[in-house]
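Me: I have a two-chain model open and would like to talk through the terms used for it. Could you take my questions one at a time?

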Amino acid sequence: MTTQTSLAQPSRIAAVEAATQKFFVRHSAMLPTLAAVVILMLLFAGAELLLKGDFITPRNISALVLDNAYLLVLAVGMTFVILTAGIDLSVGSVMAFTGILGAKLLGDGLPPIVAIPAMLLGGAAIGLLIGILVQYFHVQPFIASLAGLFLGRGLAYVVSLSSIRVEDSATLWLQSTRFRLGEWYITPTGIIALLTVAVAAFVLHYTRFGRTIYAIGGNEQSAKLMGLRVASATVTAYVISGLCGGLAGLLLTAYSGAGYPRNGIGTELDAIAAVVIGGTLLTGGRGYVVGSMVGVFVYGTIKTIISFMGAEQSWMQIIVGALLLLFIVVQRLIVARSGAKS
Amino acid sequence: MKAFFHSRLVWPTGFLILLIVVNSIARPRFLKITMRDGELYGALIDILRQSAPLMLVALGMTIVIATRGIDLSVGAVMAVSGAVALTIIADSETPNSVGTVLIAVLTAILVSMVLGAWNGLLVSVFGIQPIIATLVLMLAGRGAALLITDGFITTVNSTPLAFIASGYLSVLPFAFFISVAAIVTVALVERRTALGMLTESVGINPEASRLAGVRSRGIIWGAYVASGALAGVAGIIYASNIKAADANAAGLFIELYAILAVVLGGTSLMGGKFSIGGTVIGVFIITTLESTILFMGIPSAQSPVFFAIVVMVVVMIQSPRVRTWLRRAKDAVVGMWVGRSSKPKQVEQEVAS
Amino acid sequence: MGGTASSRHDGAMDNAVPLAELRNITVDYGPERVLDDVSFRLIPGEVHSLMGENGAGKSTLIKVLTGALKPSAGAIVVDGDRVVFGSPADALRRGISPVYQEIDLLPNLSVAENIFIGREPRKHGRIDWEQMRIRAAAQLADLGLTVEPSTLLGAHPVATQQLVAIARAISADVRILVLDEPTSSLDTDEVAELFRVIKELKQRGVAIVFISHFLDQVYEISDRITVLRDGRFVGEYLTNELLRVDLVAQMLGRELGATAVVRADIDVEDEALPVLEGDDLVTHGGLRGVSASLMAGEVLGVAGLRGSGRTALARAIAGIDRLEGGEVRLGGDKVNLANPRRALAEGIVYSSENRRVEGIIGELSVAENITLALQAQQGAVRRLTPARARELALSWIEALDIRPADPDRRAGDLSGGNQQKVMLARLLALAPRVVVLDEPTRGIDIGAKVEVQRLVGELADDGLAVMFISAELEEVLRSSHRVAILRDKKVVDILPSQALTIDTLLALVARPDDVED
């Protein structure tokens with residue numbers, strides 16, 4: 001009897017091993033994102049321990065979404081661009097520009113029904129400019145979006161050299177209203193952010209445009225040869241990023257109650273970091289917006305932990321930088337491993 | 001080769017001259033240089049002095065870009081360098097002694113070189129994309145600088161330190177001499193040794209270079225160390241200028257302006273052939289443009305808009321599509337002039353690939 | 001029907017109406033004429049093989065057919081209508097589906113998606129993944145592939161990816177299927193499966209273009225063969241009317257009545273050690289136990305068709321590719337030539353067949369290109385003075401007759417032949433002991449070819465050991481003392497050139513090989 005069971009055990013283990021191996025091979029694209037989720041869990045656990053059980057509360061988690069709604073939206077737009085193996089350095093400046101633009105328009109008495117679309121349009125316009133430079137003039141995305149960064153930042157100060165308070169009730173409503181569910185709460189800004197993630201996930205997964213985005217990142221040349229509409233998809237990716245910049249401007253303005261031209265300096269890097277941490281490869285073609293969302297939560301959690309611990313803000317940047325490095329190295333290993341197969 | 005570069009430098013030089021001309025028409029005092037106590041003053045002198053940090057960073061950036069890389073961390077390295085130097089001076093008992101300042105400066109530069117070596121390690125040994133590798137330091141470096149200064153803006157009263165940015169050596173600002181020294185050093189190292197050609201070779205065709213026996217790894221590593229060192233010196237100048245170490249503001253956006261200067265100077269972001277002279281002109285264009293904008297009464301915060309336009313125009317002119325348009329336009333104009341001469345028409349076959 | 005075409009084929013079916021025709025196609029890349037007045041026709045239900053050596057123009061012709069390239073002159077006719085393809089999408093719409101050798105698919109997407117992207121099944125306006133998976137599974141089963149449709153394409157070996165590419169083409173109502181080296185990574189069973197599918201497609205009236213360097217596969221599956229050489233149309237033949245040896249002769253351009261000038265045997269002492277010896281070499285490039293040796297003062301020619309392992313052997317013995325098995329001995333002592341720099345230091349130089357990518361640094365001047373390896377060896381600090389570099393460059397320009405004789409000219413502006421000479425100069429400037437030349441005469445004009453051949457002989461006379469690879473058998477025979485004959489990544493034989501004639505060499509190179517897995 002014992003012999004039989006001991007013979008059965010190894011084969012069961014082997015079967016489990018085989019199944020696990022199969023799971024990893026089939027879902028190898030999701031590995032980096034899964035890793036991000038694991039990191040997030042670890043962070044939560046670590047924070048919980050560090051702060052002696054005071055971290056994972058509905059209040060804190062709700063605040064996580066709230067405080068980082070703008071970054072969520074930026075990360076969504078950035079994901080589209082990075083999936084095409086591009087990059088958008090302008091999003092922080094676009095956010096600042098559209099934010100102060102909206103504040104000014106509202107301050108001048110225009111109704112939100114005019115001001116808000118203007119913000120979105122402003123962002124989309126800069127995105128369109130970058131997209132055209134990249135696709136039709138073959139300018140490297142880095143330089144093209146750098147021009148966008150300069151443009152956005154400068155235009156923000158053209159709109160106003162100092163901050164403008166927002167008095168408009170509709171805009172403020174977006175931030176101040178809380179929808180409660182027991183101890184949990186969410187604001188309209190939070191809902192907008194999460195909705196953006198959901199819509200983006202749908203587009204990327206269920207539309208031909210979305211799949212073309214992945215195709216471009218996978219092999220742009222092949223995508224063209226396969227008859228996909230690469231040019232329009234690339235430009236649209238940058239327009240979406242600009243649009244998200246505009247939306248983030250709205251969210252941030254609602255959040256802080258004012259437009260401020262100095263906003264968002266360096267935020268594009270935070271967005272890139274979040275996207276990379278969330279499992280999207282900078283080389284394009286792989287990644288999920290849900291992963292970018294996880295990346296934003298990782299970022300936000302670290303920020304919260306640091307502020308709870310009363311540590312200096314400077315540690316924030318160092319940790320994000322270190323995490324980014326870690327993820328890049330891991331990504332390279334994964335990519336190298338899957339490349340070696342063929 | 002000289003002829004080749006000649007054509008490349010024509011555009012930027014022309015643009016710079018145009019800027020200067022426009023400036024001198026708009027404000028006649030632009031070209032005026034006065035002598036006071038044996039030292040020269042004037043708008044042009046200001047440009048020579050103020051351009052020093054950007055000049056140093058742009059020189060380093062040129063070499064890195066030539067290897068097909070990029071260095072986004074230079075601003076952060078400047079911040080660290082300033083923080084290190086000023087902390088040493090502030091903590092010492094003799095902040096006014098030249099010796100102390102010298103030690104502080106050398107330490108800061110050494111630290112900057114180590115940071116550059118770190119970048120080089122990531123790129124040349126681990127094969128990480130330069131954008132990401134230097135992005136890491138860009139994020140972490142400022143944080144580190146903040147830690148060194150304990151989050152404060154460390155102010156220091158030190159005459160030798162202040163001399164670096166505001167002092168004069170004979171008739172010209174000391175900072176300008178630092179610029180010149182850097183330009184001459186880089187030019188000598190790149191062009192007097194074989195380093196320049198080997199760097200270009202690596203940037204143009206890394207594989208063919210490898211097969212020809214070129215040590216690409218060492219060349220790429222060295223480029224980042226150089227960039228770090230130059231950024232370190234730039235950080236000192238900046239700190240000397242404000243007599244403080246401001247980890248948040250030091251070198252903010254400077255990497256962007258440096259890249260712009262390099263691109264304006266005709267060096268391609270794709271790597272390969274680079275032009276130190278071009279970068280120098282590019283730096284002067286940027287600094288002059290900045291001065292022009294300020295003079296026009298436009299708040300300096302709004303100046304990025306102009307730079308955005310300049311970047312866009314430059315890259316569009318450099319793009320293959322526009323070059324084809326320009327060439328066709330030129331051919332058409334030439335054709336009209338030459339007209340009925342007996343030149344046989346050459347039909348160009350276009351191949352869509 | 002194009003007049004030129006019909007006058008060149010012997011006894012073909014003139015009454016078959018072609019599905020598509022390329023008539024008098026000419027393609028110029030700047031000053032280089034890559035295709036010159038080539039015609040090609042596709043008859044429904046037929047497999048038409050396009051044959052020719054490297055540089056013959058096959059890929060260019062295919063690119064014209066599939067809309068990836070616009071011809072400089074000539075016409076494309078589909079179903080009797082003259083068409084112009086603005087992009088590959090236009091050709092796809094006409095039912096012309098290519099499967100290129102470099103798998104032009106998306107490795108980051110699933111197998112199913114690669115088959116259907118651009119034509120995804122939909123439900124309620126959004127992509128129906130379930131349907132896609134089911135239909136993909138059906139397509140794959142048709143091809144005998146047991147691959148899960150939802151797995152990533154990139155996770156599969158190249159052979160599978162190739163079949164997926166074919167599945168994509170077939171699933172899209174293809175009328176003309178272009179297969180560019182489809183069997184290079186397939187084993188016997190997979191090839192059989194592929195041929196079964198091809199035969200089925202023939203029944204459906206699909207026209208198939210088949211490009212392969214495996215002669216027996218060509219003979220097994222195709223009905224018609226068109227041969228190109230040096231960008232020109234050589235002939236269109238029915239497969240069963242063309243002898244294998246004649247085919248190879250047409251491809252390799254044997255001039256009738258040409259006398260092969262064979263190098264006299266040199267006096268090699270019996271006890272002489274080879275300068276460079278490779279024993280049982282195994283590499284990632286496909287070699288599985290190949291041996292060859294190079295003697296001082298001798299030219300070892302390497303003959304074989306494309307894919308026979310010529311380049312792999314050269315790269316293995318010259319220290320470019322890493323050895324996975326076997327060893328290389330220099331002067332009798334084992335060496336570990338781990339990378340090009342080490343090989344160069346040992347006096348072994350290698351000239352790649354891919355001049356543009358692995359040889360010439362286009363943006364640098366001729367002088368810089370020539371002195372590059374020498375400079376690299378000296379290190380970055382000790383610079384060759386401009387005067388010395390110029391002097392060196394000029395002497396090599398004169399020795400090899402490089403034109404234009406301007407050391408400051410941009411190397412990328414030179415013609416192919418002169419670029420090759422620049423590369424040679426770079427290598428010879430190192431005063432090497434062993435010179436490995438991979439297709440040095442590829443794509444260069446006759447005059448330059450002869451010069452290079454002469455040079456090769458001179459090198460040997462100077463005491464160097466030379467390996468000379470060429471696709472042109474005559475050239476190999478004319479220039480070498482011994483010839484290594486390669487087939488299927490193995491050395492079939494090494495014979496003194498005096499013991500060979502063009503015919504016997506042709507036969508050895510072209511003999512049907514035993515199919516192996």
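Me: What makes chain A and chain B count as being in contact, and how many residues of each are involved?

Reply: Happy to help! Contact means heavy atoms within 4.5 Å, and 36 residues of chain A meet that criterion with 46 residues of chain B. Please keep in mind that this is a predicted model, where local features need pLDDT of at least 70 and side-chain atom pairs count only at pLDDT 80 or more, while totals for chains, interfaces and linings use all residues. Residues are numbered from 1 along each chain as its sequence is written, chains are lettered from A in the order in which they are written, and side-chain values use heavy atoms, with hydrogens and water left out.

Me: How much area do chain A and chain B bury between them?

Reply: About 3700 Å², with 83% of it on carbon and sulfur atoms. Buried area is the accessible area (1.4 Å probe) that two parts lose on being put together, summed over both. In chain A, Phe137(A), Phe142(A) and Phe150(A) lose the most area to chain B, together 19% of what that side buries.

Me: How many salt bridges are there between chain A and chain B?

Reply: Zero. A salt bridge needs a side-chain nitrogen of Lys or Arg within 4 Å of a carboxyl oxygen of Asp or Glu, and no such pair is counted between chain A and chain B.

Me: What makes helix 3 of chain A mostly covered?

Reply: Buried means under 20% relative accessible area (1.4 Å probe, protein chains only). Seven of the ten residues in helix 3 (residues 58-67; helices are DSSP runs of H or I, at least four residues, numbered from the N terminus) are buried, including Asn60(A) and Leu64(A).

Key: Buried < 20%, exposed > 50% of the residue type's maximum accessible area, 1.4 Å probe, protein only. Helix = DSSP H or I, 4+ residues; strand = E, 2+ residues; numbered from the N terminus.
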